Amino acid sequence: MINSTLCYLERGDQYLMLHRVKKKNDMNHDKWIGVGGKFEEGESPEDCVLRETFEETGLTLTDYRYRGLVTFVSDQYPTEYMHLFTATGWTGESHPCDEGELAWIKKAELLSLPLWEGDKIFLRLLDTARPFFSLKLKYEGEKLVLAVLDGKEDVL
């Protein structure tokens, strides 16, 4: 099992997105995602999101919210528990990311980008007033075959 974080930095009607184009053998190659990564030993979700955001962007989060837990089940990869955050405050100067290209993308344009199908579900959930959610996404290859929101199936 893998524990990871993903954070969407929010600036008005835009999210800071990472176009994953630089790493070899990247399961997210050519996809657009938020910033984040895998937990290190002893880290909490908050520790991990702060460290990963700083490493990938050079920015230190000052105002962020834990929004949900996304469980990824796949026939190709180990089960992953992704702790999902949004952020509206940070300090510092951004720098280039060694995993891809960072860009501010309008929320209204996100669904037209190459995204995982399940990401489209949780991106829509982030635009609601929902305080916290649990989302289970099951993939066969790159095909999303099941989505369960807060224990209720068929949210596709």
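1. Strands in this note are DSSP runs of E with at least two residues, numbered from the N terminus. The model discussed here is a predicted one, and T86, a convenient place to enter it, belongs to strand 6. With a relative accessibility of 5%, T86 counts as buried, because the limit for that word is under 20%. Its side chain makes a polar contact with the side chain of R67, at 3.3 Å. Setting aside residues up to four places away in sequence, T86 touches C7, Y8, Y15, Y64, R65, R67 and L126.

2. The next residue to consider is F85, which also has its place in strand 6 and which, at 1% relative accessibility, counts as buried. Residues up to four places away in sequence again left out, F85 touches T5, L6, C7, Y8, P45, E46, V49, Y64, R65, Y66 and R67. One of these partners, E46, stands 39 residues from F85 along the chain, and the C-alpha atoms of the two are separated by 9.0 Å.

3. From the other side of one of those contacts, T5 lies in strand 1, which covers residues 2–11, and T5 is buried, with a relative accessible area of 3%. Apart from neighbours within four places in sequence, T5 is in contact with V35, G36, G37, F39, P45, C48, V49, E52, M82, H83 and F85.

4. A reader may then ask how many aromatic pairs a search of the whole structure finds. The search finds seven. In general, a pair of aromatic rings is described by the distance of the centres and the angle of the planes. For Y66 and F132 the ring centres are 5.2 Å apart and the planes stand at 85°, so this pair is edge-to-face, the angle for that class being over 60 degrees. Y66 is in strand 5 (residues 60–74), whereas F132 is in the loop between helix 2 (117–126) and strand 8 (133–140), so that the pair links distant parts of the chain, 66 residues apart. Both residues keep some accessibility: Y66 counts as partly exposed at 27%, and F132 is partly exposed with a relative accessible area of 40%.

5. The rings of W90 and W104 offer another arrangement, with centres 5.8 Å apart and planes at 25°, so this pair is stacked. Here too distant parts of the chain are linked, since W90 is in strand 6 (residues 80–91) and W104 is in strand 7 (residues 101–106), 14 residues apart. W90 counts as partly exposed at 22% relative accessibility, and W104 is partly exposed with a relative accessible area of 26%.

6. Which residues do ring pairs link into a cluster? They are Y64, Y66, F85 and F132, and the cluster brings together the buried F85 and the partly exposed Y66 and F132. Charged groups also meet rings in this model: the charged end of R11 sits over the ring of W104, 4.1 Å from its centre, while K31 lies over the face of W116, at 4.7 Å from the ring centre.

7. W104 returns in the description of the second largest pocket, where about 160 Å³ of space lies. The pocket is lined by 14 residues, and the closest to its centre are L16, S94, H95, L102 and W104. Strand 7 gives the most to this lining, with four residues.

8. Is helix 2 mostly covered or mostly uncovered? Helix 2 is mostly covered, as eight of its ten residues are buried. The buried residues are G118, D119, K120, I121, F122, L123, L125 and L126, and L126 has already appeared among the contacts of T86.

9. Two loop residues complete the note. Y77 lies in the loop between strand 5 and strand 6 and, at 35% relative accessibility, counts as partly exposed; Y77 and G141 are 64 residues apart in sequence, yet 9.1 Å apart in space, C-alpha to C-alpha. D150 lies in the loop between strand 9 (143–149) and strand 10 (152–153), and has a positive phi of about 45° although it is not a glycine. At 34% relative accessibility, D150 counts as partly exposed.

How values were computed. Residues are numbered from 1 along each chain as its sequence is written. This is a predicted model: local features need pLDDT of at least 70, side-chain atom pairs count only at pLDDT 80 or more; totals for chains, interfaces and linings use all residues. Side-chain values use heavy atoms; hydrogens and water are left out. Rings of Phe, Tyr and Trp (its six-membered ring) pair if their centres lie within 6.5 Å; planes under 30 degrees apart count as stacked, over 60 as edge-to-face and the rest as tilted. Buried means under 20% relative accessible area, exposed over 50%, partly exposed in between (1.4 Å probe, protein chains only). A charge sits over a ring if NZ of Lys or CZ of Arg is within 6 Å of the ring centre and within 35 degrees of the ring normal. A polar contact is a pair of N or O atoms within 3.5 Å; within protein, one must be able to donate a hydrogen and the other to accept it, and residues adjacent in sequence count only if both atoms are side-chain atoms. Contact means heavy atoms within 4.5 Å. On a 1 Å grid over the protein atoms alone, a cavity is a set of points where a 1.4 Å probe fits but cannot get out, and a pocket is an open set with protein on both sides within 12 Å along at least five of seven lines; lining residues have an atom within 4 Å of a point. Grid points are joined across faces, edges and corners, and a volume is the space filled by probe spheres set on the points.
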